[in-house]
Amino acid sequence: MQYGETIHDPAAAEQERRYWSRFDPAILERNPQTREKFREFFESIIGPRRPARVLDLGCGTGLYHPILAPMVGQLVGMDRSLAMLRRAEQLSKDYNLGTELVHGDAQRLPFPDGAFDLVIAYDVLHHVPDIGAAAEEIRRVLMPGGRFVAAETTMLSPWVLAYNLFHRDEWGLLRIRPGLLRRAFRGFAQFRLRPDNTRFFSHSPLLERIFGLMDRYVLRGPLKMISTRYVIEAHVAPLDAMN
Ligand SMILES: C[S@@+](CC[C@H](N)C(=O)[O-])C[C@H]1O[C@@H](n2cnc3c(N)ncnc32)[C@H](O)[C@@H]1O
């Protein structure tokens, strides 16, 4: 593992304590439905062309790396939390994934310009104090024609709002609005934000039924904006467009 500058980070330590079960790398072993949903999600992000070098920004324990790593050339996981990275390192050994794991901050990425063709950030941006600074860093480390894809839960969803109001370290989500994201990513050639309602982690059968009915009858038209997350896609201009 490569070590960055911040060694003790109280916010990261608190997050580890509260959310360990959500990040347990064994989740995919125990839950084939979650595994399949992550597979579909990453397949849809990656598309038909296998990217050579991919950064998973804020990778946490890398719980989905056994799915993602075989889809790409070299997977690099980066996080500000050493404890999370240690779990990701163990997972990489257990599954022989060959993931490179790097300690660092999204606002100051420890990579050279143009190092990646794809950067992914799943459930991360709302934890970053200066999203605009992170967006500029992501743009810098992407090669011409490179892509950034992020999944970000949205507080417009009544379910998410109700849950996260009781989790103080998730209040960063209150900042996440389409306008803020558009401004943060204005340096990119293209920016797209689409509502998504995939539930990766299954809840009780009753809740699943309620969510299913909402998907069918409520989350249509403009009401799609209250689905559980946004998928953000931003493109760096290809080389020929830059000249
Ligand atoms: C909700 S977790 C998501 C982890 C992983 N992507 C997943 O979905 O399992 C957010 C992660 O972002 C990391 N993180 C928060 N702020 C960060 C920053 N400024 N730079 C790098 N990582 C950060 C946290 O340590 C945590 O592992």
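The exercises below work through the fold, the core, one helix, a set of strands and several single residues of a predicted model.

**Exercise 1. Describe the overall make-up of the chain.**

Solution. Begin with the secondary structure, where the chain holds 10 helices and seven strands. Next consider burial, for which the count is 34% of the 243 residues. Finally, turn to the contacts with a separation of 6 or more, of which 73% are accounted for by residues 24 or more positions apart.

**Exercise 2. Identify the residues with the most contacts inside the largest nonpolar core, and the strand that gives the most to this core.**

Solution. The largest nonpolar core has 50 residues, and those with the most contacts inside it are Leu55, Leu57, Val119, Ile120 and Ala121. Strand β4, which spans residues 116-122, gives the most to this core, with six residues. To see the surroundings of one of these residues, take Val119, which touches Leu55, Leu57, Ile138, Val141, Leu142 and Phe148 when residues up to four places away in sequence are not counted.

**Exercise 3. Determine how the buried residues of helix α6 are arranged around the axis, and which elements they pack against.**

Solution. First list the buried residues of α6 (residues 131-141), namely Ile131, Ala134, Ala135, Glu137, Ile138 and Val141. These residues cover an arc of only 165° around the axis, and therefore they lie on the same side of α6. The last step is to name the partners: the buried residues of α6 pack against β1 (53-57), β4, β5 (142-153) and α8 (178-184).

**Exercise 4. Work out how strand β2 is covered and how it pairs with β1 and β3.**

Solution. Strand β2 comprises residues 74-79, and five of its six residues are buried, so that the description "mostly covered" applies. On one pairing, β1 and β2 run in the parallel sense over five bridges, and here Val54 has Leu75 in β2 as its bridge partner. In the other pairing, four bridges join β2 to strand β3 (residues 100-103), again with a parallel course, and Met78 stands opposite Val102 in β3.

**Exercise 5. Classify Thr34 and Val160 by exposure, and place each within the chain.**

Solution. Thr34 lies in helix α3 (residues 32-46), and because it has 18 C-beta neighbours inside 10 Å, it counts as partly exposed. The C-alpha atom of Thr34 is separated by 5.1 Å from that of Phe200, although the two residues are 166 residues apart along the chain.

Val160 belongs to helix α7 (residues 158-164), and with 18 other C-beta atoms within 10 Å, Val160 is partly exposed. Its contacts, not counting residues up to four places away in sequence, are with Thr153, Thr154, Met155 and Thr228.

**Exercise 6. Examine the positive phi values of Asn96 and Asp123, and state where these residues are found.**

Solution. The background is that most residues other than glycine have a negative phi. Asn96 nevertheless has a positive phi of about 55°; Asn96 is found in the loop between α5 (82-94) and β3, and it counts as exposed because it has 9 C-beta neighbours inside 10 Å. Asp123 has a phi near 65°, likewise a positive value; Asp123 has its place in the loop between β4 and α6, and with 17 C-beta neighbours inside 10 Å it counts as partly exposed.

**Exercise 7. Characterise the shell of residues around the ligand.**

Solution. Of the 19 residues around the ligand, Gly58, Gly60, Ser81, Ala106 and His127 come nearest. By chemical class, the shell divides into nine nonpolar, six polar and four charged residues.

Note on methods:
Residues are numbered from 1 along each chain as its sequence is written. This is a predicted model: local features need pLDDT of at least 70, side-chain atom pairs count only at pLDDT 80 or more; totals for chains, interfaces and linings use all residues. A residue is near a molecule or strand if its C-beta atom, placed from the backbone, lies within 6 Å of it. Ala, Val, Leu, Ile, Met, Phe, Trp, Tyr, Cys and Pro count as nonpolar, Asp, Glu, Lys and Arg as charged, and the others, Gly among them, as polar. A nonpolar core is a set of buried Ala, Val, Leu, Ile, Met, Phe, Trp, Tyr and Cys residues joined through C-beta atoms within 7 Å. A residue is buried if 20 or more other C-beta atoms lie within 10 Å of its own, exposed if 12 or fewer, and partly exposed in between; C-beta atoms are placed from the backbone. Helices (H or I, at least four residues) and strands (E, at least two) are DSSP runs, numbered from the N terminus. Two residues are in contact if their C-beta atoms, placed from the backbone, lie within 7 Å. The arc is that of the directions from the helix axis to the C-beta atoms. Two strands pair if DSSP finds at least two bridges between them.
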